[in-house]
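Please look over the sequence and the model shown here before reading on. This briefing is meant for someone who has not seen them before.

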Amino acid sequence: MHAESRCFDCGPVAPLHVPEHIGAEIVASVVDRIRAAAQPAQPTVPLWCPWPLPPGWTTTGVAWAGDERLGVRATAVACAGPEPLGGGPADLVFVAEEPGVGLGARFAGVPGPDAGPELAEALTEPGPGHPGHVGRAGIRVAGHPTPLWLVNSLTDRSAYAGEARGLWLYAIAWPASAGHLLAEDVELHDLVEWTPPELVYGAPSPYLHGKA
């Protein structure tokens, strides 16, 4: 018997909670959960959502990982809209998590709890113009320029990872070419601080509900 949730491969894990539907009341309930679980000595895990949303995009889901004992240790926000290169629909999932949770790695489809080793390698690799150069995405997070580095992922998606507010930040895009959206003027806003009443909601994300 164990007091925590466990994975056969990874050992103890923070259980993932994904509301079946999405809407203003669902987002409000998750925000209330995050605020209620906040610890004085620890940063509140943000709900990073693009705002304003890119043209034609909607918010398609929210999720959080944790339990009553540990509190909220990771969050995810899903969005969907037209693929930036004109190839059809696209999906994005933004994950904020404490070190060692592994939610971002799960959506990226890579082993291990986080992207630390890959980012260490990316930070020491050759610069632009070298054949070994690894590109990065530059977005704004709560008004601050924030680099995200491309990490290995399954071939049907692209995944970027970085840091914001002392926590891991992941952006995972389906299909892989949808990652080009992060090269545009994208700004992430924390829904825990304020949820825009104009936020548009779409059909629930299949990637939050097990397709990833």
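What follows is a short account of the fold, the cores, the salt bridges, the cysteines and one threonine.

The model is predicted. The protein has 212 residues, and 47% of them are buried. Its secondary structure consists of 4 helices and 12 strands.

**Overall layout**

- Among contacts with a separation of 6 or more, 61% are between residues 24 or more positions apart.
- The protein has an accessible surface of about 10,400 Å². Carbon and sulfur atoms account for 57% of that surface.

**Nonpolar cores**

- In soluble globular proteins, nonpolar side chains tend to be buried together.
- The largest nonpolar core here has 40 residues. Those with the most contacts inside this core are L47, W48, I139, L169 and L188.
- Helix α1 (24–37) is one of the elements that give two or more residues to this core. The others are the strands β4 (48–50), β5 (58–67), β6 (71–82), β7 (89–97), β8 (136–141), β10 (158–164) and β11 (167–174).
- Of these elements, α1 gives the most, with 6 residues.
- A second core, separate from the largest one, has 24 residues. V101, L103, W168 and I172 are among them.
- Leaving aside residues up to four places away in sequence, L47 touches V30, V31 and I34. L47 also touches A63, T75, A76 and V77. The remaining partners of L47 are H189, D190, L191 and V192.

**Salt bridges**

- The count of salt bridges comes to 6.
- One of them joins the side chains of E68 and R33, with an N to O distance of 2.7 Å. E68 lies in the loop between β5 and β6 and R33 lies in helix α1, so this pair ties together parts that are 35 residues apart in sequence.
- E68 counts as exposed, because its relative accessibility is 68% and the cut-off for exposed is over 50%. R33 is partly exposed, at 34% relative accessibility.
- Another salt bridge is formed by E187 and R140, whose closest N and O atoms are 3.8 Å apart. E187 belongs to strand β12 (residues 187–190) and R140 to strand β8, so the pair ties together parts that are 47 residues apart in sequence.
- Both ends of this bridge are partly exposed: E187 has a relative accessible area of 29%, and R140 has a relative accessibility of 33%.
- D190 forms a salt bridge with R165, with the closest N and O atoms 3.0 Å apart. This pair also links distant parts of the chain, since D190 is in strand β12 and R165 is in the loop between β10 and β11, 25 residues apart.
- D190 is buried, at 4% relative accessibility, whereas R165 is partly exposed, with a relative accessible area of 37%.
- R165, D190 and E193 are joined into one network by salt bridges that share partners.

**Cysteines**

- How many disulfides does the structure hold? The number is 0.
- Why is there no bond between C49 and C79? The sulfur of C49 is 4.5 Å from the closest cysteine sulfur, which is in C79, and this is too far for a bond. A disulfide needs the two sulfur atoms to be within 2.5 Å.
- Seen from the other side, the closest cysteine sulfur to that of C79 is in C49.
- Are these two residues buried or exposed? C49 is buried, with a relative accessible area of 1%, and C79 is buried at 1% relative accessibility.

**Threonine 146**

- T146 is in strand β9 (residues 144–151). T146 is buried, because its relative accessible area is 8% and buried means under 20%.
- Not counting residues up to four places away in sequence, T146 touches A137, G138, I139, V141 and E163.
- What does the side chain of T146 reach? The side chain of T146 reaches the backbone oxygen of H144, at 3.0 Å.
- T146 and G162 are 16 residues apart along the chain, and their C-alpha atoms are separated by 7.7 Å.

Technical notes: Residues numbered from 1 in each chain as written. Predicted model: local features only at pLDDT ≥ 70, side-chain atom pairs only at ≥ 80, totals over all residues. Heavy atoms only, no water. Buried < 20%, exposed > 50% of the residue type's maximum accessible area, 1.4 Å probe, protein only. Contact = heavy atoms within 4.5 Å. Areas by Shrake-Rupley, 256 points an atom, 1.4 Å probe, with all protein chains shown as cover. Core = buried A, V, L, I, M, F, W, Y, C linked by side-chain atoms within 4.5 Å. Salt bridge = Lys/Arg side-chain N within 4 Å of Asp/Glu carboxyl O. Polar contact = N/O pair within 3.5 Å; in protein donor to acceptor, adjacent residues only side chain to side chain.
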